[in-house]
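Hi there,

Here is the structure I promised to pass on to you. Please have a look at it first, and then read on for my notes.

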Amino acid sequence: MSTHRRAPSIRSQLVCIALAWLAALGTARALSLIAWTDADRIEKADRIVIGTVEVSEDQSIVTVERVLKGDAEPLKVRTRSKPRSGGARYEAIPTKVVWVERKDDHSMNPISGLFYVEEGSPRWLLYHALIDPAPLVTNETFDSDPVAAQLLGYLFDPVRITSPDTSVFEKKEHMTRQLRERIPWSFEGVLDLDCRLRKGYSDRIEVGSMSPDGETERGIRDEIEWLGSYDKQVRLPDRFALRIDTRKVESVGSLSHADVAGFLHRHLDFIEDEGSTEPGRRRDDLMTVASLNALQRIRHADSVPRVIEIATRVNLNYSRMPFGFLEAAKDPRSFEPMCRLLERYAPEYPERYWLSDGAAAVLGQLADPAALPHLEEAVPYGVERAFYPLSSMGDEGTVDVLVNDASSDGFEARAHGVLFWLVKRSNLEPEPWMEPKRTVRSEQNPELQARWKEWWRANKERMKIVRSFREASIGWEPSWQAEVIRERRLDSFNRHLRTHWWRYAVGILLTGLAARQWKRRRKARG
């Protein structure tokens, strides 16, 4: 009688491997649901339905009662997801569920999910806000709920960027965000553009034609052409059409734009802490921050005076947030207050740095030539955000300020790059040593500063600014471009391995098991 133990079959081994992988994936999906709020899911989902659910061992079948977002078909949704409470607690399990679906969902950080929802509950009202968001303003439950403010900002967002040629572009949220930042709040209308992608160190969008073709539209075109494709996994197509619609959303359901703006504006009441010199964080500020972000998203210019008042306070929680609003608004009313703020607090830098940096950043976005002396006066104090706008706004006098007055601390990281672009904009050719390096040092570099002083003494009389920053940067590519391209390819390969490592691991394991099984059978025959 043989005592040889029979090896498990390849089929049973495959089943064990598959079950272990599915268990790990399911655990990761469950844990990752905590990362998204309901407002995030509503905004990023392709389809949201509400209905009843029948749960079996292997699947859940949702009978659709109402489509809140996306396509109306099919009437039944089959999914392997099990209904979850999503953080809500119920005495009895509700009979209604919400199915949130995103087509290109990420397996480890999914938007999609099946959630129990009680009719009339706050979560029920949040999802039904897609049909009528009035309860978010009238119901006292949401009066201090930052998720409600976030959702109102999404529903009344006037900027809609679409591309009929590809759905890939519409899924690149970071590209949409960058486009939004380059569209002035004063522009309300529809702009159609025919775009193409110019390959290079940083892929740039070029606009071939657009309709209409006015002065404001040409400004938007110039801003869009700055954008690059920074996603290394999904690339933009070589040619694509783009539509930008910035017409104001007058109402959603029974709620008007004016009602939403008034509701959010009432919450612009930051809590001031007189004993603090650093931005703090308090729970009762969350609604104010969410309201400020929502007002920025709906482009409510009437809130600019209130936000300026908030930004000029000294000891203020979340005090960086108002400056972001003012940067996006680019409202001339913020010019004088920001000049005074920069003049007052630049000498104290880096104490209360957020005030000096914030004021300089707003002045840089306004791009008013009258702001140049104020930015130059902040240079000797090392105000970091005062350096960046000088690349495009500076003149010959700016070179003198940077060479002679800039601190040697962080000279390479701050002044060196600005000086390079000022020379690039001039009638002189930059020398090889002037080109910014890939990585710069933040410590002192007196040799580099001395070299700039020597160059400036020799060329001060000859140098004249003759072109804009945009004209100077078109076609420029750094000498280390080839190195970056190689690193991008390697990074893309590494990202592919990190994403699909389990496929290769399973393949290697199965190959090893198959070889072992074949070896045993051959030995048994032998």
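Below is what I found, going from the whole chain down to single side chains.

Before anything else, please keep in mind that this is a predicted model.

**The overall picture**

The protein has 526 residues, and 43% of them are buried. Its secondary structure consists of 22 helices and eleven strands. If you take the contacts between residues at least 6 apart in sequence, 68% of them join residues at least 24 apart. The accessible surface is about 28,400 Å², and carbon and sulfur atoms account for 50% of that area.

**A sheet of five strands**

A good place to begin browsing is the open sheet, where five strands are arranged in the order S3-S2-S1-S4-S5 with antiparallel pairing. Strand S3 (76–79) and strand S5 (113–117) are the edge strands, each pairing on one side only. From one strand to the next, the twist averages 40°.

Within this sheet, you may like to look at strand S1 (residues 47–55) and strand S2 (residues 60–69), an antiparallel pair joined by eight bridges. One partnership to look for there is Val55 with Ser60, the latter being in S2.

**Salt bridges**

The count of salt bridges comes to 15. I picked out three of them for you.

The first one on my list joins the side chains of Arg41 and Asp38, with 3.4 Å from N to O. These two sit three residues apart in helix H2 (residues 38–44), so about one helical turn separates them. Are the two partners buried or exposed? Arg41 has a relative accessibility of 4%, so it counts as buried. Asp38 is buried too, since its relative accessible area is 11%.

Next come Asp157 and Arg180, whose side chains meet in a salt bridge at 2.7 Å, N to O. This pair links distant parts of the chain, 23 residues apart: Asp157 belongs to the loop between helix H5 (146–155) and strand S6 (160–162), and Arg180 to helix H7 (residues 173–181). Asp157 counts as buried because its relative accessible area is 9%. Arg180, at 17%, is buried as well. Asp157 and Arg180 also take part in a network of salt bridges together with Glu43 and Arg297.

The last pair is Asp192 and Arg243, with a salt bridge of 2.7 Å, N to O, between their side chains. Here again distant parts of the chain are linked: Asp192 is in strand S7 (residues 190–198) and Arg243 in strand S9 (residues 239–245), 51 residues apart. Asp192 has 30% relative accessibility, so it counts as partly exposed. Arg243 is also partly exposed, at 38%.

**A nonpolar patch on the surface**

Finally, which residues make the nonpolar surface patch of about 510 Å²? They are Leu490, Phe493, Leu497, Tyr504 and Ile508. To find the patch in the viewer, you could start from Leu497, which lies in helix H22 (residues 481–525). Why does Leu497 count as partly exposed? Its relative accessibility is 32%, and the partly exposed class runs between the buried limit of 20% and the exposed limit of 50%.

I hope this gives you an easy start. Happy browsing!

Best wishes

Methods:
Residues numbered from 1 in each chain as written. Predicted model: local features only at pLDDT ≥ 70, side-chain atom pairs only at ≥ 80, totals over all residues. Heavy atoms only, no water. Helix = DSSP H or I, 4+ residues; strand = E, 2+ residues; numbered from the N terminus. Buried < 20%, exposed > 50% of the residue type's maximum accessible area, 1.4 Å probe, protein only. Contact = heavy atoms within 4.5 Å. Areas by Shrake-Rupley, 256 points an atom, 1.4 Å probe, with all protein chains shown as cover. Patch = residues over 30% accessible without salt bridge, like charges linked within 9 Å, V, L, I, M, F, W, Y side chains within 5 Å. Salt bridge = Lys/Arg side-chain N within 4 Å of Asp/Glu carboxyl O. Pairing = 2+ DSSP bridges. Axes fitted to C-alpha atoms, helices over the stretch in contact; angles between N-to-C directions.
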